[in-house]
Amino acid sequence: MTKDEIVDVLRKLRLFKNFTLDELNIFSTVANSVLKVRKDDVVFEKGDVGDNMMIILSGSVNIIFRDGNKKKEILLTTGTVVGEMSVVDEQPRSADVVANEKCLLLFVSKLHCDLLSQQYPLIALKFYKELAKVLSMRLRNRKPARVGV
């Protein structure tokens with residue numbers, strides 16, 4: 001996938017809706033590795049070191065949470081970010097991620113984010129702000145946890 005093709009896809013994604021074409025071009029120079037995965041390929045496993053995230057350029061993945069015998073799956077589709085928590089908090093992966101179909105995933109490492117912050121702080125700020133909105137939306141859509149004293 002060429003840089004122009006990456007930019008063309010990014011400009012259609014909600015995460016980048018407030019980015020100018022110039023900002024998208026800069027972002028795509030920092031995050032420019034596209035991974036092709038097949039159906040049932042494992043993208044991440046729970047417990048893996050989390051030093052990158054993926055933006056789903058096409059296709060879909062299942063996030064699989066396991067707790068003992070319980071299993072919960074969440075489907076994420078084109079335009080969604082996956083693995084972002086580990087880039088933000090530098091903790092191991094909290095779930096498995098498996099391709100639901102053939103996918104194109106834009107690889108964004110913590111190093112890429114750090115370089116973006118150093119070289120283009122305003123673009124990095126914009127990216128992190130949009131990422132915070134994604135995380136906030138996911139938290140709001142979760143079922144409330146039991147709070148005890």
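# A walk through two sheets, two loops and a pocket

Begin by selecting Met-54 and Phe-107, for Met-54 stands opposite Phe-107 in strand E8. The model on the screen is a predicted one, and this pair of residues is a convenient way into the sheet around E8.

**First stop: the strands around E8**

Extend the selection from these two residues to strand E3 (residues 52-58), which pairs with E8 in the antiparallel sense over 6 bridges. Next add strand E1, which is joined to E8 by 5 bridges and also runs antiparallel to E8; within this pairing, Lys-36 is the residue that stands opposite Leu-104 in E8. Then turn to E6, which is joined to E3 by 2 bridges, again with the two strands running antiparallel, and pick out Ile-55, whose bridge partner in E6 is Val-81.

With these strands coloured together, the whole arrangement can be followed across: this is an open sheet of 4 strands in the order E1-E8-E3-E6, with antiparallel pairing. Which strands stand at the edges? They are E1 and strand E6 (81-82), and because each has a single partner strand, one side of each is left without a neighbour in the sheet.

Stay for a moment with strand E8 (residues 103-109), and display the surface around it. Of the 7 residues in E8, 5 are buried, so this strand is largely enclosed by the rest of the structure. Cys-103, which can be selected here, counts as buried at 2% relative accessibility, and another cysteine to select, Cys-113, is buried too, with a relative accessible area of 3%. If a disulfide is taken as a pair of cysteine sulfur atoms within 2.5 Å, the count for this model comes to 0 disulfides.

**Second stop: the strands around E7**

Now select strand E4 (residues 60-67) together with strand E7 (residues 96-99), which run antiparallel and are joined by 4 bridges. Two residue pairs help to trace this contact: the bridge partner of Ile-64 in E7 is Asp-96, while the bridge partner of Val-61 in E7 is Ala-99. Add E2 as well, since 2 bridges join E2 to E7 in an antiparallel arrangement, and look for Val-42, which stands opposite Val-98 in E7.

Taken as a whole, this is an open sheet of 4 strands, with the order E2-E7-E4-E5 and antiparallel pairing. Strand E2 (42-44) and strand E5 (70-77) stand at its edges, each with a single partner strand, so one side of each is left without a neighbour in the sheet. Neighbouring strands of this sheet are turned against each other by 30 degrees on average, when direction is ignored.

Show the side chains of E7 next. In a regular strand the side chains alternate between the two faces of the sheet. In E7, Asp-96 and Val-98 point one way, whereas Val-97 and Ala-99 point the other way, and all of them are buried.

**Third stop: two loop residues with positive phi**

Move to Asp-40, which lies in the loop between strand E1 (33-37) and E2. Is Asp-40 buried or exposed? Asp-40 is exposed, with a relative accessible area of 53%, and its phi is positive, at about 75 degrees, although Asp-40 is not a glycine.

Then select Glu-90, which is found in the loop between helix H3 (84-89) and E7. Here too phi is positive in a residue other than glycine, with a value near 55 degrees for Glu-90, and at 55% relative accessibility Glu-90 counts as exposed, since exposed means over 50%.

**Last stop: the second largest pocket**

Finish by selecting the residues that line the second largest pocket, which are Arg-14, Leu-15, Lys-17, Gly-79, Thr-80, Val-81, Glu-130, Lys-133, Val-134, Met-137 and Arg-138. About 260 Å³ of space lies in this pocket. Which element gives the largest share of the lining? Helix H5 (residues 121-141) does, with 5 residues. Colouring the lining residues by kind gives a division into 4 nonpolar, 2 polar and 5 charged. One of these lining residues, Val-81, is also the bridge partner of Ile-55 in E6, which leads back to the sheet where the tour began.

Note on methods. Residues are numbered from 1 along each chain as its sequence is written. This is a predicted model: local features need pLDDT of at least 70, side-chain atom pairs count only at pLDDT 80 or more; totals for chains, interfaces and linings use all residues. Side-chain values use heavy atoms; hydrogens and water are left out. Buried means under 20% relative accessible area, exposed over 50%, partly exposed in between (1.4 Å probe, protein chains only). Two strands pair if DSSP finds at least two bridges between them. Axes are lines fitted to C-alpha atoms, for helices over the stretch in contact, and angles run from 0 to 180 degrees between N-to-C directions. On a 1 Å grid over the protein atoms alone, a cavity is a set of points where a 1.4 Å probe fits but cannot get out, and a pocket is an open set with protein on both sides within 12 Å along at least five of seven lines; lining residues have an atom within 4 Å of a point. Grid points are joined across faces, edges and corners, and a volume is the space filled by probe spheres set on the points. Ala, Val, Leu, Ile, Met, Phe, Trp, Tyr, Cys and Pro count as nonpolar, Asp, Glu, Lys and Arg as charged, and the others, Gly among them, as polar.
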